[in-house]
Amino acid sequence: MSTRTIQGQKNLQDINQASKDGIGGSPLRPDGTLKVKGEFAYSSDLWHEDMLWGMALRSPHPRANILSVDISEAVKLPGVYAVLTHDDIPGSKFYGLEIQDQPALAIDKVRYHGEAIAIVAADHPETARRAVKKIKVEYEVLTPIVTEEQCLDPETYGYVHEPHEFKSHGHGNICHSQKLVHGGGVTDEIRALADVVVSGHYEVGMQDQAFLGPESGLAVPAEDGGMDLYVATQWLHVDRQQVAPVLGIPEEKLRLTLAGVGGAFGGREDLSMQIHACLLAQRTGKPVKIVYARDESFFGHVHRHPAKMYYEHGATRDGKLVYADARIVLDGGAYASASPAVVGNAASLGHGPYNIPNVRMEAIALYSNNPSCGAMRGFGAVQACFGYETQMDKLAAELGMDPVELRQLNAMSEGDPMPTGQVIDSPAPVAQLLQIVKDRPLPPPLDLDNLDVRTLPGALSNTSHGEGIVRGVGYSVGIKNVGFSEGFDDYSTARVRLEVIGGEPVAMVHTAMAEVGQGGITVHAQIARTELGVEQVTIHPANTEVGSAGSTSASRQTYMTGGAVKYAAEAVKAALIEKGRRRYGWTQTDIILLGGKVISEAGGPLVSIVDLLGDEAIDLTREHHHRPTVPFDKETGQGFGHVQYTFCANRAVVDVDIELGLVKVVELTAAQDVGKALNPLSVIGQIQGGCTQALGLAVMEEIIVKDGKVRNASFTDYLIPTILDVPPIPVDMLELPDPHAPYGLRGVGEAPTVSATPSIVAAIRQATGIALNRIPVRPEHLTGTL
Amino acid sequence: MRVTFTANGKPVEADDVWEGESLLYVLRERVGLPGSKNACEQGECGSCTVYLDGTPVCSCLVAAGQVQGREVRTVEGLADESGLDPVQQAFIDAGAVQCGFCTPGLLVQTHDLLDRQPQPSDTDIREALSGNLCRCTGYEKIMDAVRLASARKCEKAGASE
């Protein structure tokens, strides 16, 4: 029935190309040619004969009771096929990643600005827009609960979720909390051991993932009463797990296929349009496509938690840390999303990559009537890093020490315990990474006689010719975990098939991994080449016909699904060799696959893969489970909670126009241990991209929320870095293998997003002498007009 | 209304076009050219950049009716029978494509830049591409790609002289 459901065959054409590049090489992306020709099918490009367009009516109020919803005028509009509210939902009305506390469509009340209340299917997006406008909703508008003070006093200000409907692990308006005590904790006796104490309150604004490909997908009703959903997501199986119960159908009748994904960065971890498109398709019996416009995208996904933090550090006169204390308050907004896991990260990683004998920490996520917050690259470690790294600079200044030397003096390394008690059991070259960025030559100073004004703060606006420009340099280092933590088994599945096609051995790799741009499919093909000694590898479209690959998040996909591909390929290799033993009676124990041949390392080629396989295909599926972790103790935060740690250090050089408060980052250097770079080109791309999102948080990116209302839901008003804002980003990679990880690799995507922001702010601080306890740094913070 | 124009050298005709539709919508939804991308639809991101009578424009900001009788060239029209345009090849080779959603607009804008200015300085490149947002790469590989395309095009031009 599908006439032009594009994802699938077409995206495979160029993935069949041959290459000799196994792991450690940088073969080109298999989808690159389609992407540069404009032929790669993104989720928003999908088209189906007879398809309808879906659209949601969203609340203009952050907190209100819904007194009535009148759809009668909307339904009458020609071209409108369905208008649905929560009353029309056939199954469960709630969903959620960790806690099912979010209604698929609002029930009697709205809890945030932009919450979906009703959905429309129509024959043209403009018809759908007009129908949405004709839905009449009567609200009783309530005062939103938006500040920490309001959230923590529900008796006075109210409950975001009333106690009888509260589903999270917390209480009142606290969604989740985690405490941690290490060593002697922080007591008066411990404090007395410190010669020097620095403290501060720090604030991080709400950052958006701002992926370019808007939320979109196509739901196609199937003849068996089920549904086929083509969608851009980060985790097909967890989408299915959340959507099927709402549709009232068994999971196996909901089949998901990954459509082309235009970036993700955490913003596609939660559902957006999936349930709505499926409900409309189920009701109308027609395919339904939903594509968010940019403003709707800002309302349609969760953001990075804004944070308010208190940090206090005590040290000896010679710079040794004695204790650290912190409280991190994260605003989780209306629904839980990933807040519990974000809190776990903030608490366990929130004192940074430092050896601190005595630690106390409390991290909490609030429920509020602000936009929901959840996963974004860096996931709970970003906010804290701004806090502890600012503290390190303060402490260095207080002690009269070099800020890099102070960090190195206290840097953790392999064998040291985290504040959770977990001993770091693989390389942790924190001091070395700092040394690498420090040792890089600095960019040349501003040459006032030879200026291109486009390179100055203000750039094309031509706001300075060198006057009022001050340069600064700053350093930072950060820590991030890899993989899902706290006892979660986020396994991955891979299917590898080896057969002869056109006289050549060809491997096919089938996983449900969401390729969101990171290049996971390139790496899968490299792994298959290395393990099976073949040149041609086909990547099967990602779908739910194969087991879960877990989420494309937490820097985990190469580790987890790459690992699954490795194990499935090894199983195929073993089966092939076993076939040869049975047929030829081989007794050698040194048999490998290389260059299309089965080879005894000592004795040379035994047989070609083609001859050994013949008409048979070997098709095996394997799961990859990482070593188990445990939940953190609720009160002490102790436990082997994380799978792997990753570290990045940065040096930022900035020019600041102190008259106008404009900042130009001149250079942003990164050094990161990647364990083993399976694809160096992609790894560097991840580090540079991660640094750039950190630059955005440092100097421009913030969703402005006032009284619960989003004020800048557009790329006109929410600024992300352009090519003029981003400087050269030299990258140094260390490759120190982690013995616990496949190929010794270390997840790379997030560490630079954690670590780079504080280096930029430190550089601005050095240039201006202004304290800067809040990010993003705005011009008014620098000119003193705030 | 009916809109007729030339897309990548071929005459196209779109029927039942609503007056509020953009050129981007007509390309993507009516004439089967979804290569130009819909990232912001308000002229901020550059993902929908196409040539209109030889000048790069944000196709989301051009009303469909405005292209009546005119020539449009999209990312789908950059390659020819002999293969990819050097700009396209350079983006692949340099690792400038990650998710690729910004790529079509960047390709058209870069194609135009190198036509006007075969050997741009880094700052020229940054100025020319400052209207094209990319969220994945940090732009470093995009800089590499433009430098590479420039070098290859100049080499080719030198060889053919």
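Student: What is the order of the strands in the open sheet of 7 strands in chain A?
Tutor: This is a predicted model. In it, chain A holds an open sheet of 7 strands, and the pairing is mixed. The order is E3-E7-E1-E14-E11-E12-E13.

Student: Which strands stand at the edges of this sheet?
Tutor: An edge strand has a single partner strand, so one side of it is left without a neighbour in the sheet. In chain A this holds for residues 80-84 and residues 254-258. These are strands E3 and E13.

Student: By how much are neighbouring strands of this sheet turned against each other on average?
Tutor: Direction is ignored here. The average turn between neighbouring strands is 20°.

Student: Which residue stands opposite A:Ala219 in E12(A)?
Tutor: Start with the two strands. E11 (residues 216-221) and E12 (residues 227-231) of chain A pair in the antiparallel sense, over 5 bridges. Opposite A:Ala219 in E12(A) stands A:Leu229.

Student: Which strand does helix H9 of chain A run at about 30° to?
Tutor: H9 covers residues 274-284 of chain A. It lies across E1, E3, E7, E11, E12 and E14. The strand at about 30° to H9(A) is E11(A).

Student: And which strands does helix H4 of chain A lie across?
Tutor: H4(A) covers residues 125-134 and runs at about 30° to E1(A). The strands of chain A that H4(A) lies across are E1, E3 and E7.

Student: In which sense do strands E10 and E31 of chain A pair, parallel or antiparallel?
Tutor: Take E15 of chain A before E31. E10 (residues 196-204) pairs with E15 (residues 307-315) in the antiparallel sense over 9 bridges, and A:Tyr202 stands opposite A:Met309 there. With E31 (residues 774-775), A:Val204 has A:Ile775 as its bridge partner. Over 2 bridges, E10(A) and E31(A) pair in the sense called parallel.

Student: How far apart are the end C-alpha atoms of helix H16 of chain A?
Tutor: H16(A) has 28 residues, 557-584. At 1.5 Å a residue they should span 40 Å. A:Gly585 follows, with a positive phi near 70°. The distance between the end C-alpha atoms agrees with the expected span: 39 Å.

Student: What separation do the centres of domain 2 and domain 4 of chain A have?
Tutor: Domain 2 of chain A takes in 148-201 + 307-381, and domain 4 takes in 492-624. Their centres are taken over C-alpha atoms. The separation is 45 Å.

Student: Which strand gives the largest share of the side of domain 1 of chain B that touches domain 2 of chain B?
Tutor: Chain B is divided into domain 1 (3-77) and domain 2 (86-160). Their centres are 22 Å apart. In contact are 13 residues of domain 1 and 11 residues of domain 2. The largest share on the domain 1 side is 3 residues, from strand E3 of chain B.

Student: Which helix gives the most to the side of chain B that touches chain A?
Tutor: In this contact, 45 residues of chain B meet 51 residues of chain A. Helices H2, H3, H4 and H5 of chain B each supply at least two residues. The side of chain B divides into 21 nonpolar, 15 polar and 9 charged residues. With 4 residues, the helix that gives the most is H2(B).

Student: What ipTM does the model score?
Tutor: Chain B averages a pLDDT of 97, and 99% of its residues score at least 70. The pTM of the model is 0.96. Its ipTM is 0.98.

Notes
Residues are numbered from 1 along each chain as its sequence is written. Chains are lettered from A and ligands numbered from 1 in the order in which they are written. This is a predicted model: local features need pLDDT of at least 70, side-chain atom pairs count only at pLDDT 80 or more; totals for chains, interfaces and linings use all residues. Two strands pair if DSSP finds at least two bridges between them. Domain bounds come from an automatic or database domain assignment. Axes are lines fitted to C-alpha atoms, for helices over the stretch in contact, and angles run from 0 to 180 degrees between N-to-C directions. Two residues are in contact if their C-beta atoms, placed from the backbone, lie within 7 Å. Ala, Val, Leu, Ile, Met, Phe, Trp, Tyr, Cys and Pro count as nonpolar, Asp, Glu, Lys and Arg as charged, and the others, Gly among them, as polar. The expected span of a helix is 1.5 Å times one less than its number of residues. pLDDT is the predictor's confidence in each residue, from 0 to 100.
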